[in-house]
Amino acid sequence: MSDALKVTPTAIPDVLILEPRVFSDARGFFFESFNQRAFNEATGLDLTFVQDNHSRSAKGVLRGLHYQLPPHEQGKLVRVVRGSVFDVAVDIRRGSATFGRWVGVALSEENQRQLWIPPGLAHGFLVTSESADFLYKTTSYYAPHAERCLAWNDPMLAINWPLGEVLLSTKDKAGGRFSDYCFTGPEATTTP
């Protein structure tokens, strides 16, 4: 394990919580939000990140559950720089021992945790603070033609979101059912 980064597996073992070493004093704090060598050493992975994304969302905004079809699957390294979210990853890899399971992790500017979500998982988050700035690195470029969405409230997944009022985009309101994905393949969950 790297001294710069603590790694904790979740109930889906290759979804990882990463906690950077933070140096703080009366002036504030400093930490390396990403260091390729430290990431590789701590996780045992050797990946290339090709795109950084930043979203700002109001309280109650739920984004997801998004994924991209092969060969455009995206691994994501996600974090919150302002506010807090409940971040969710759903294993949609056929043949995986954790297929159909989900994990949820609280990410915030206070805990400075990051979450590694490997390719082949659907991802979403719910903003639990007044607003949140959410940053993530991806291992593959955004491919609109390959993007898909699962319904955030699918009863088959039974995700325990910390709910209040939920605000969704038109795309996320039209998310597909996990049962369609299970029995007919990822193309069944196309979004308009």
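Colleague: Which residues does UniProt, in an unreviewed entry, place under "active site"?
Modeller: First, this is a predicted model: local features need pLDDT of at least 70, side-chain atom pairs count only at pLDDT 80 or more, and totals for chains, interfaces and linings use all residues. Residues are numbered from 1 along each chain as its sequence is written, and side-chain values use heavy atoms, without hydrogens and water. UniProt positions follow the numbering used here, with shortened feature names, and annotations may be inferred rather than shown by experiment. The "active site" feature in that unreviewed entry falls at His66 and Tyr136.

Colleague: Why do they gather at one spot?
Modeller: In sequence they span 71 residues. Yet they gather at one spot, because no two of their C-alpha atoms are more than 13.4 Å apart.

Colleague: Which strand holds His66?
Modeller: Strands are DSSP runs (E, at least two residues; helices are H or I, at least four), numbered from the N terminus. His66 sits within residues 62-68, which form strand β6.

Colleague: Is His66 buried or exposed?
Modeller: Buried means under 20% relative accessible area, exposed over 50%, partly exposed in between (1.4 Å probe, protein chains only). His66 has 17% relative accessibility, so it counts as buried.

Colleague: Which residues does Tyr136 touch, beyond those up to four places away in sequence?
Modeller: Contact means heavy atoms within 4.5 Å. Tyr136 itself lies in strand β12 (residues 131-138). Its contacts are Gln51, Asp52, Asn53, Lys76, Leu77 and Val78.

Colleague: What is the strand order in the open sheet of five strands?
Modeller: Two strands pair if DSSP finds at least two bridges between them. Pairing in this sheet is antiparallel. The edge strands, β9 (102-108) and β13 (147-149), each pair on one side only. The order is β9-β8-β11-β6-β13.

Colleague: Which strands stand at the edges of the sheet of six strands?
Modeller: This open sheet runs β1-β2-β10-β7-β12-β5, with antiparallel pairing. Each edge strand has a single partner, so one side of each is left without a neighbour in the sheet. They are β1 (5-9) and β5 (51-58).

Colleague: What angle does helix α1 make with β1?
Modeller: Axes are lines fitted to C-alpha atoms, for helices over the stretch in contact, and angles run from 0 to 180 degrees between N-to-C directions. Helix α1 (residues 36-43) packs on the six-stranded sheet. The helix touches β1, β2 (16-20), β7 and β10 (114-117). Its direction and that of β1 make about 40 degrees.
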